[in-house]
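Got the viewer open? Load the model, switch on a cartoon view, and follow along stop by stop.

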Amino acid sequence: MAGATPAIEALLAAGIAHTLHPYDHDPLVTAYGDETVAALGVDPLRVFKTLVLDVGATRPELAVGVVPVAGQLDLKHFATALGVKKAAMAAADLVARSTGYVLGGVSPLAQKNSLPTIIDETAELWDTIYVSAGRRGLQVELAPNDLAAVVSARSWASRTKAPTS
């Protein structure tokens with residue numbers, strides 16, 4: 001497939017059923033998840049964002065949380081799920097270097113460096129979910145168990161916080 005991202009190539013290589021959903025990304029928008037939900041008309045609980053977190057005690061050590069766009073990750077709960085003392089959002093430059101993707105296009109699939117990945121258990125409520133396909137303006141729809149298998153993820157109750165106004 002011409003212009004395929006590493007995420008798409010990984011799904012094709014693994015024989016995972018998926019559907020691509022491109023949309024026009026506005027370069028002025030930085031609320032990527034909200035833009036995706038609006039552009040595709042999908043329930044924000046079914047669209048999942050890929051967050052890269054630093055869980056290292058003395059130096060950066062990264063992990064990935066895949067959580068619904070409709071909430072905010074509870075960092076303390078995420079750290080507990082990984083068995084570490086704390087978690088913080090990773091610096092943007094570190095995210096890009098480690099994953100090979102730009103912010104707003106970070107996919108949990110086929111990252112440059114394989115990171116421990118945990119998928120919010122609410123993904124299991126859906127037959128398929130949407131995650132970034134590796135670039136802004138492109139989502140991939142797939143079964144949550146297929147995503148978990150490809151990225152060797154485990155599920156956890158994230159206790160995502162409801163959005164605040």
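Leaving aside its neighbours within four places in sequence, which residues is Met-89 in contact with? Select Met-89 and you'll find Leu-51, Val-52, Leu-53, Asp-54 and Leu-75, where contact means heavy atoms within 4.5 Å.

A quick word before moving on. This is a predicted model, in which local features need pLDDT of at least 70 and side-chain atom pairs count only at pLDDT 80 or more, while totals for chains, interfaces and linings use all residues. Residues are numbered from 1 along each chain as its sequence is written, and side-chain values use heavy atoms, with hydrogens and water left out.

**Still on Met-89**

Met-89 sits in strand β4 (residues 88-89); helices (H or I, at least four residues) and strands (E, at least two) are DSSP runs, numbered from the N terminus. At 46% relative accessibility Met-89 is partly exposed. On the scale used here, buried means under 20% relative accessible area, exposed over 50%, and partly exposed in between (1.4 Å probe, protein chains only). Now add Pro-6, 83 residues away along the chain: the two C-alpha atoms are 23 Å apart.

**Strand β3 and its partners**

Select residues 62-68, which make up strand β3. Seven of its seven residues are buried, so β3 is largely enclosed by the rest of the structure. Next, show strand β2 (residues 48-54), which runs antiparallel to β3 and is joined to it by seven bridges. (Strands pair if DSSP finds at least two bridges between them.) Put Leu-53 in sticks and look across to β3: Ala-63 stands opposite.

Then colour strand β5 (residues 117-120), which runs parallel to β3, with three bridges joining the two. Here Gly-65 stands opposite Ile-118 in β5.

**Over to the open sheet**

Now for another group of strands. Three of them form an open sheet in the order β1-β7-β6, with antiparallel pairing. The edge strands are β1 (19-22) and β6 (129-135), each pairing on one side only. From one strand to the next, the twist averages 35°, with axes taken as lines fitted to C-alpha atoms (for helices over the stretch in contact) and angles running from 0 to 180 degrees between N-to-C directions. Zoom in on β6 and β7: five bridges hold this antiparallel pair, and Ile-129 has Leu-142 in β7 as its bridge partner.

**Two salt bridges**

How many salt bridges does the structure hold? Two, counting a side-chain nitrogen of Lys or Arg within 4 Å of a carboxyl oxygen of Asp or Glu. Start with Arg-46 and Glu-141, whose closest N and O atoms are 2.9 Å apart. This pair links distant parts of the chain: Arg-46 is in the loop between α2 (32-40) and β2, Glu-141 is in strand β7 (residues 138-142), and 95 residues separate them. Glu-141 is buried, with a relative accessible area of 15%.

The other one joins the side chains of Arg-97 and Asp-93, at 3.5 Å from N to O. Both residues lie in helix α4 (residues 92-99), four residues apart, about one turn of the helix. Asp-93 is partly exposed, at 48% relative accessible area.

**Around helix α4**

Stay on the helix and select Leu-94, Val-95, Ser-98 and Thr-99, the buried residues of α4. They cover an arc of only 110° around the axis, so they lie on the same side of α4; the arc is that of the directions from the helix axis to the C-beta atoms. What do the buried residues of α4 pack against? Show β2 and β3 to see their packing partners. Just after α4 comes Gly-100, with a positive phi near 85°.

**Into the core**

A nonpolar core here is a set of buried Ala, Val, Leu, Ile, Met, Phe, Trp, Tyr and Cys residues joined through side-chain atoms within 4.5 Å. The largest has 28 residues, of which Val-52, Leu-109, Val-131, Val-140, Leu-142 and Leu-147 touch the most other members. The elements giving two or more residues to this core are α1 (6-14), β2, β3, α4, β6, β7 and α5 (144-151). Apart from it lies another core, of 10 residues, among them Leu-73, Phe-78, Ala-79 and Ala-87.

**Last stop: two unusual phi angles**

Ala-110 isn't a glycine, yet its phi is positive, about 50°. Find Ala-110 in the loop between α4 and β5, partly exposed at 32% relative accessible area. Ser-152 isn't a glycine either, and its phi is positive at about 55°. Look for Ser-152 in the loop between α5 and β8 (154-156), where it is exposed, with a relative accessible area of 64%.
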